[in-house]
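Grab your viewer and work through these exercises. Each one sets a task and then solves it in steps.

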Amino acid sequence: MRVILSAAVSLDGCLDDCSPDRLVLSSAEDWQEVYRLRASCDAILIGAGTLRADNPSLVLKDEESRRQRIAAGRSADPIKVVVSGSGKLDPSARFFRTGDCEKIVVTEARDLDPELEEQATVLRLEKITAVGILSQLALRGIETLLVEGGSQILTLFLGEGAFDRFRLAIAPFFVDDECAPRLKGVSGTPLLRLERVERLGETAVSHYRGESGIPTDVGYLVRAIALSRCCTPSTSAFSVGAVILTRDGRLFEGFTHETGARNHAEEEAIAKALAAGADLRGATIYSSLEPCSRRASKPLSCTEHIINYGFARVVFACREPGCFVDCEGAEKLIAAGVEVREIAALADEVKRINAHLAFDK
Ligand SMILES: NC(=O)c1ccc[n+]([C@@H]2O[C@H](COP(=O)([O-])OP(=O)(O)OC[C@H]3O[C@@H](n4cnc5c(N)ncnc54)[C@H](OP(=O)(O)O)[C@@H]3O)[C@@H](O)[C@H]2O)c1
């Protein structure tokens with residue numbers, strides 16, 4: 001998955017002023033670039049504050065872009081996503097009423113206006129986090145996401161490092177208004193790497209790179225989860241999918257029992273990588289479930305294979321429950337110096353796929 005944050009600010013960091021009308025911060029040349037970026041993405045995301053303040057349509061202005069998207073099998077306009085903790089949104093807003101595309105509301109609210117439920121797909125999260133949002137969108141097949149603000153949403157994504165690129169346009173004037181919404185970081189915001197700076201009319205545009213790799217990890221983990229759906233449900237095994245990404249960018253995939261009745265997903269993917277002569281040192285393995293650390297049916301656990309072949313990273317969605325053995329895969333990997341990332345926002349999907357087992361044991 002690829003996530004781009006985009007914002008325009010004044011020289012004193014304001015995203016808008018306090019007047020009822022939206023402040024224009026971008027030059028015409030900058031707007032052209034933003035429109036091109038919108039056209040290239042699967043989805044555009046804003047916060048409820050922006051929807052209420054600006055009532056944006058977020059539809060493409062250029063017919064040629066719309067034609068190209070349709071020819072590529074996409075919707076004419078990018079999917080629109082709005083994040084609203086309260087779910088209190090006006091179903092007659094332009095966001096919902098315009099555009100040839102799906103509209104998605106991500107919310108914590110249980111009871112929404114029925115008209116809103118009719119207008120949009122509703123994705124409910126227990127608690128809204130940037131990684132939780134990306135996980136839900138990736139499960140729906142969204143691969144490129146443009147996050148356009150406002151202030152709280154940018155802080156959320158920046159704070160969690162949930163982006164690959166940050167495009168910051170700076171207008172050549174001050175707003176000088178204490179109550180104006182601003183671009184705010186949070187302490188501990190992961191480092192941004194400046195890639196390039198360009199001039200678009202009177203707007204200076206800085207392009208930063210995010211270093212966390214979170215969107216990439218979410219994307220491959222969702223692929224591993226998709227593979228786990230290929231398993232035939234068995235009361236003696238978890239349904240698991242695994243994807244290996246080598247340091248030189250080669251991909252290998254597998255799922256539980258794919259070629260042998262005792263094979264785990266990680267073993268299936270490793271066997272394919274070895275058969276292809278891939279170098280597994282420094283590779284990342286994505287597994288829908290925590291790699292096993294003990295097993296009755298074979299001498300080596302998946303954790304031991306991962307350590308022995310020199311993998312650098314393991315990313316998984318769900319801890320192995322105690323249905324068969326007590327698993328200490330994550331702990332053993334960390335102790336052996338392997339970097340472990342758990343994306344718990346995807347755990348419920350893994351549990352759903354394993355509904356044939358008493359998963360919460
Ligand atoms: N210059 C630019 O590039 C740019 C771009 C976009 C917007 N803007 C400006 O930014 C201003 C809006 O910014 P804003 O900060 O007020 O609004 P915002 O970031 O667009 O949306 C904030 C809302 O999103 C929901 N939300 C965000 N994080 C959440 C979390 N962690 N948990 C639950 N809900 C969460 C909440 O919705 P609920 O209230 O429904 O709970 C919250 O009120 C406007 O003035 C707009 O013009 C500027």
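**Exercise 1. Track down the disulfide and say what it links.**

Step 1: C18 and C179 form a disulfide, with sulfur atoms 2.2 Å apart; a disulfide here is a pair of cysteine sulfur atoms within 2.5 Å. Before going on, note that this is a predicted model, where local features need pLDDT of at least 70, side-chain atom pairs count only at pLDDT 80 or more, and totals for chains, interfaces and linings use all residues. Residues are numbered from 1 along each chain as its sequence is written, and side-chain values use heavy atoms, leaving out hydrogens and water.

Step 2: Searching the whole structure turns up 1 disulfide.

Step 3: C18 sits in the loop between β1 (2-9) and α1 (28-40), and C179 in the loop between β7 (165-170) and β8 (192-200), so the pair ties together parts that are 161 residues apart in sequence. Helices (H or I, at least four residues) and strands (E, at least two) are DSSP runs, numbered from the N terminus.

**Exercise 2. Sort some cysteines by accessibility.**

Step 1: Fix the cut-offs: buried is under 20% relative accessible area, exposed is over 50%, and partly exposed is in between (1.4 Å probe, protein chains only).

Step 2: Apply them to the disulfide pair. C18 has 35% relative accessibility and so counts as partly exposed, while C179, with 54%, is exposed.

Step 3: Now try two others. C318 comes out at 4%, so it counts as buried. C327 is in no disulfide, and the nearest cysteine sulfur, that of C292, is 6.8 Å away. C327 counts as buried too, because its relative accessibility is 15%.

**Exercise 3. Describe how α6 packs against α8.**

Step 1: Take the geometry. The axes of α6 (residues 130-139) and α8 (residues 214-228) come within 10 Å and cross at roughly 40°. That makes α6 oblique to α8. Axes are lines fitted to C-alpha atoms, for helices over the stretch in contact, and angles run from 0 to 180 degrees between N-to-C directions. Under 35 degrees counts as roughly parallel, over 145 as roughly antiparallel, 65 to 115 as roughly perpendicular and the rest as oblique.

Step 2: List the contacts (heavy atoms within 4.5 Å). V131, L134, S135, A138 and L139 of α6 meet I214, P215, V218 and V222 of α8.

Step 3: Sort that contact by class: 8 nonpolar, 1 polar and no charged residues. Ala, Val, Leu, Ile, Met, Phe, Trp, Tyr, Cys and Pro count as nonpolar, Asp, Glu, Lys and Arg as charged, and the others, Gly among them, as polar.

**Exercise 4. Repeat this for α6 and α7.**

Step 1: α6 and α7 (residues 151-160) pack at about 90°, their axes 8 Å apart. The two helices are therefore roughly perpendicular to each other.

Step 2: On the α6 side, A130, V131, I133 and L134 meet L156, F157 and E160 of α7. The class tally is 6 nonpolar, no polar and 1 charged residues.

**Exercise 5. Is T303 buried or exposed, and what does T303 touch?**

Step 1: T303 lies in α10 (residues 302-308). T303 is buried, because its relative accessible area is 2%.

Step 2: Skipping residues up to four places away in sequence, T303 touches P291, C292, S293, G329, K332 and L333.

Step 3: Check a C-alpha separation: T303 and E331 are 28 residues apart along the chain, and their C-alpha atoms are separated by 9.8 Å.
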